[in-house]
Amino acid sequence: MTELTFVEAVNFALKQEMRRDKSIVILGEDVGRDGGVFRATDGIQRLYGESRVIDTPLSELGIVGASLGLALGGMKPVAEIQFDGFVYGAFDQVISHISRMRNRSRGRYSCPLVIRIPYGGGIKAIEHHSETPETYFSHVPGIKVVMPSGPYDAKGLLLSAMRDPDPVIFFEPKKIYRSFREDVPDGDYTVPIGQAAVKKEGTDVTLISWGSSVRTCLEAANSSDKSVEVVDLRTISPMDTDTILNSVQKTGRVLIVHEAPRSFGAGAEVSARIAERSILNLKAPIMRVTGYDVTTPYPKLEDYNLPDAYRISRAISKIMEF
Amino acid sequence: MTKKVLDKFSVEWMQVLDENGRTDRKLMPKLAAKTVQKMYEMMVLTRVFDDKAFKLQRQGRLGTYGQSIGQEASAVGSAMALSKKDWIFPSFREHGVFITMGVPLAQYFQYWNGDERGNIMPADVNILPVSVPVGTHIPHAVGLAWAMKMKKERSVSAAYFGDGATSKGDFHEALNFAGVYKVPCVFICQNNQWAISLPFSRQTAAKTVAQKAVAYGIPGVRVDGNDVFAVYRAVKNAADSARKGNGPSLIECFTYRMGDHTTSDDSKKYRQQKEVDAWRKKDPIMRLEKYMIKKKLLNEKKKVKIWELANSIVDKAVREYEAIERPDPTDMFRYLYRDMPKELKDQLAEFQDTEKGKSSTKGA
């Protein structure tokens, strides 16, 4: 057991799995010699060489499109997209091909691969470096979308992602890359994809969140005079509906928290599932605290858009007062 | 006979002003003394701005910043060759272009401090807001040039990008469109040889960026990017030719990124100091100084005055910039649509209510 930050846990998982699985190659911009702009792949090229940790030309489409081919050819690509806002150029490859290869070939071909993407705000970066794009990807059938909220889950889920038979988009909340440490087992362990976690038990109201917003929820929950349960989805797609419904049955009140814009976001999907399957358990309307329906603001206004503990506490009060 | 050569190509490199300040008479563009002087002043101002921005970032007074030190000739030389009516589509390291085109420095600092109002250009400056995702703006320049052609206007558009962008499909698709529709567009690649940690030699298997023009049927040339006269000459020729209806060109300014990629980067991790030192000798400002001193356009006294003036302009801009009030947070809702949809108005009201609650909590 070692205390690791999120980014160290990612680095650890990659190193460990590359030793176990010789077909893994890491590819992306500045992932090799530089060790990645967030140092997520720091030192890995020294361990496994330039043929397994590959500094590519500046081309997200090339990285993702070629990853599909590498996967078809029997390699296990773990691609890094440097920042959330740069992935859109590769989106066509994800929605038109990576997500469809198994289905299109009626099961003959598959492309198990992992695309790691540092996402989200909170680091005061320039435009296109603070986006939260899980919704776009979660809407595509045929891929899995994972968004861990801490170092332990990061390692366990990344190991699962690299062993998954299907393509996985792995979002890493860059805001909490280094903000806290957690005990992370040195040995092999996995956190299953598609399984949510109850991070804090409570009986009055359920907060449902994922990624870095889980921390904010816990902050609000711990300072609340109500008994607040916090559910961390961990995987957006496929979504663990059972864990959500179990919690709703217990509390009857739901607040969904995410950083992405509210409208048509993943929170809407959570809300719909509860409405479809558990509406009679609800004691108050489902509420959402999210980024507003605005383009991610530049650093000067960024904090106004990010969900914070104040907004969450306020919403909890509203729900409780209903 | 079953085989024959269908076409042959060559790639030209051009230098007008060498490292010792000597010029090639045949290639030297006709420039008035005051134009040369302005080139020098703008390059100095760009360098001083750049240095100040870097220091402000280190002191926590500015956001992440990408230095342009060493690339002043490419930026200033190209901007001087364009007219105020031309359209500029910048990448994020074109500080010299912004400065030469007359963008107020305080405002440009504002942009680099994460304030969207820094994108508001003066009415007579046709520079589009910085496009951060590499190369994605190159097709936009083609479209605008195409519109100029459709409307029979004389403006051309110029797209600026780096060597990294030439690996993106956006670059190739843009050049292809430009060639097919013969639009008045100048593609200006500042090949500073480093895309963060990736050297140009590993960005492409081709020898030059210039030769990539060949595949799209448009002219391409590599110029010494630390030679302000060569850059000026190439861009002027390309813009003139575009204005006459002869279509687009690609100009590769071969230069060097003397600084880190940005203030978030540490280039010592991936490149040798001796390489950086070798390029220091090719400094574009030093080179122009040598020429100007030879031509009696500059002496020590005048030089000191120009640097002092640049320093005072930049210091004044810093004071102005730091006195600017914070933006109104409701700005983030105001520019998404011309007419704000009802549901967004509702969210804005919710936002204002929340912020009011937050400030009263803080006050309590």
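Which domains does the domain assignment of chain B give? The assignment lists domain 1, covering residues 12-323, and domain 2, covering residues 331-363. The structure described here is a predicted model. This report treats the domains of both chains, the contact between the chains, a sheet in chain A and three helix pairs.

## Domains and the contact between chains

In chain B, the centres of domain 1 and domain 2, taken over C-alpha atoms, are separated by 39 Å. Chain A is likewise divided into domain 1 (2-184) and domain 2 (197-321). The C-alpha centres of these two domains of chain A lie 26 Å apart. Their contact takes 24 residues from domain 1 of chain A and 22 residues from domain 2 of chain A. On the side of domain 1 of chain A that touches domain 2 of chain A, helix H6 (134-138), S6, H7 and S7 of chain A each supply at least two residues. That side has nine nonpolar, eight polar and seven charged residues.

The contact between the chains takes 36 residues from chain B and 31 residues from chain A. On the side of chain B that touches chain A, the elements giving two or more residues are helix H7 (200-203), helix H12 (331-334) and helix H13 (342-363) of chain B. H13(B) provides the largest share of that side, with seven residues. By class, the side of chain B that touches chain A comprises 15 nonpolar, 13 polar and eight charged residues.

## The sheet of chain A

Chain A contains an open sheet of seven strands in the order S3-S2-S4-S5-S7-S6-S12, with mixed pairing. Strand S3 (53-55) and strand S12 (235-237) of chain A are the edge strands, each of which pairs on one side only. On average, and with direction ignored, neighbouring strands of this sheet are turned by 20° against each other. At one edge, strand S6 (residues 144-146) of chain A and S12(A) run antiparallel and are joined by two bridges. There, Val146(A) stands opposite Thr235(A) in S12(A).

Two helices that pack on this sheet may be described in turn. H3(A) touches strand S2 (24-28), strand S4 (76-80) and strand S5 (114-119) of chain A, and the direction of H3(A) makes about 170° with that of S4(A). Helix H7 (residues 151-163) of chain A touches S2, S4, S5, S6 and strand S7 (168-173) of chain A, and the direction of H7(A) makes about 160° with that of S7(A).

## Helix pairs

The geometry of three helix pairs is set out below.

| Helix pair | Angle | Axis distance |
|---|---|---|
| H3(A), residues 60-72, and H4(A), residues 91-98 | about 20° | 8 Å apart |
| H1(A), residues 6-20, and H7(A), residues 151-163 | roughly 30° | within 8 Å |
| H5(B), residues 138-150, and H6(B), residues 169-181 | about 15° | 8 Å apart |

With an angle of about 20° between them, H3(A) is roughly parallel to H4(A). The crossing of these two helices is right-handed. Leu61(A), Val64(A), Gly65(A) and Leu68(A) of H3(A) make the contact with Gln93(A), Val94(A), His97(A) and Ile98(A) of H4(A). Five of the residues in this contact of H3(A) with H4(A) are nonpolar, three are polar and none is charged.

H1(A) packs against H7(A), with the axes crossing at roughly 30°. Angles under 35 degrees count as roughly parallel, and H1(A) and H7(A) are therefore roughly parallel to each other. Their crossing is right-handed. H1(A) contributes Phe6(A), Ala9(A), Val10(A), Phe12(A), Ala13(A) and Glu17(A), while H7(A) contributes Pro151(A), Ala154(A), Lys155(A), Leu158(A), Leu159(A) and Met162(A). The contact of H1(A) with H7(A) has 10 nonpolar residues, two charged residues and no polar ones.

In chain B, H5(B) and H6(B) pack at an angle of about 15°, and these helices are therefore roughly parallel to each other. H5(B) passes H6(B) in a left-handed crossing. Ile138(B), Pro139(B), Val142(B) and Trp146(B) in H5(B) meet a set of residues in H6(B), among them Phe171(B), Ala174(B), Phe177(B) and Tyr181(B). Nine nonpolar residues, two charged residues and no polar residues form the contact of H5(B) with H6(B).

Note on methods. Residues numbered from 1 in each chain as written. Chains lettered and ligands numbered in written order. Predicted model: local features only at pLDDT ≥ 70, side-chain atom pairs only at ≥ 80, totals over all residues. Axes fitted to C-alpha atoms, helices over the stretch in contact; angles between N-to-C directions. Helix = DSSP H or I, 4+ residues; strand = E, 2+ residues; numbered from the N terminus. Parallel < 35°, antiparallel > 145°, perpendicular 65-115°, else oblique. Left-handed = near helix turned anticlockwise from the far one by under 90°. Contact = placed C-beta atoms within 7 Å. Nonpolar A, V, L, I, M, F, W, Y, C, P; charged D, E, K, R; others polar. Domains from an automatic or database assignment. Pairing = 2+ DSSP bridges.
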